[in-house]
Amino acid sequence: MKKSKLDTVLEKMGGRFFTLGFRTTKESGSVCARLINTTANYVVVEDVNTGMERKFSRKSVVNARCGTLAYNA
């Protein structure tokens, strides 16, 4: 199965901290995060500021950036 651009960018980030932008019906914003896991429907990250694990729907992720690597929905 072909990887999505989001998967490719997250894989290349290799566990480094990155900024994840999101938009849901309740809130929108960005978090400084470290990737924990990805599934077919979700991206699971550790929010560096709060230390909590957060789960975002792939549809809600609008961008991810780390240095020169970037994903824009």
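Arg54 is partly exposed, its relative accessible area coming out at 22%. That value comes from a predicted model, and the same goes for everything else described here.

So what does Arg54 pair up with? Its side chain meets that of Glu27 in a salt bridge, with 3.6 Å from N to O. Arg54 sits in strand β4, while Glu27 belongs to the loop between β1 (18-23) and β2 (28-38), so this pair ties together parts of the chain that are 27 residues apart in sequence. Glu27 is partly exposed too, with a relative accessible area of 43%. The pair is also part of a bigger picture: salt bridges that share partners join Glu27, Asp47 and Arg54 into one network.

How many salt bridges turn up when the whole structure is searched? The count is four, and the bridge between Arg54 and Glu27 is one of them.

Another salt bridge links Arg58 with Asp7, where the closest N and O atoms are 2.6 Å apart. Here the loop between β4 and β5, home to Arg58, is tied to helix α1 (residues 5-13), home to Asp7, so the link joins parts 51 residues apart in sequence. Is Arg58 buried or exposed? Arg58 counts as buried, because its relative accessibility is 18% and the cut-off for buried is under 20%. Asp7, on the other hand, has a relative accessible area of 22% and is therefore partly exposed.

Next comes the salt bridge between Glu11 and Lys3, whose closest N and O atoms lie 2.4 Å apart. How open are these two partners? Glu11 has a relative accessibility of 54%, so it counts as exposed, since the line for exposed is drawn at over 50%. Lys3 comes in at 47% and therefore counts as partly exposed.

Back in the loop that holds Arg58, there is one further residue to look at. Ser60 is found in this stretch between β4 (53-57) and β5 (61-66). With a relative accessible area of 7%, Ser60 is buried. Which residues does Ser60 touch, once those up to four places away in sequence are set aside? The answer is Gly21, Phe22, Arg23 and Thr24. Of these, Gly21, Phe22 and Arg23 fall within the range given for β1 (18-23).

Put together, the loop between β4 and β5 contains Arg58, which is bridged to Asp7 in helix α1, as well as Ser60, which is in contact with residues including Gly21 and Phe22.

Key:
Residues are numbered from 1 along each chain as its sequence is written. This is a predicted model: local features need pLDDT of at least 70, side-chain atom pairs count only at pLDDT 80 or more; totals for chains, interfaces and linings use all residues. Side-chain values use heavy atoms; hydrogens and water are left out. Helices (H or I, at least four residues) and strands (E, at least two) are DSSP runs, numbered from the N terminus. Buried means under 20% relative accessible area, exposed over 50%, partly exposed in between (1.4 Å probe, protein chains only). Contact means heavy atoms within 4.5 Å.
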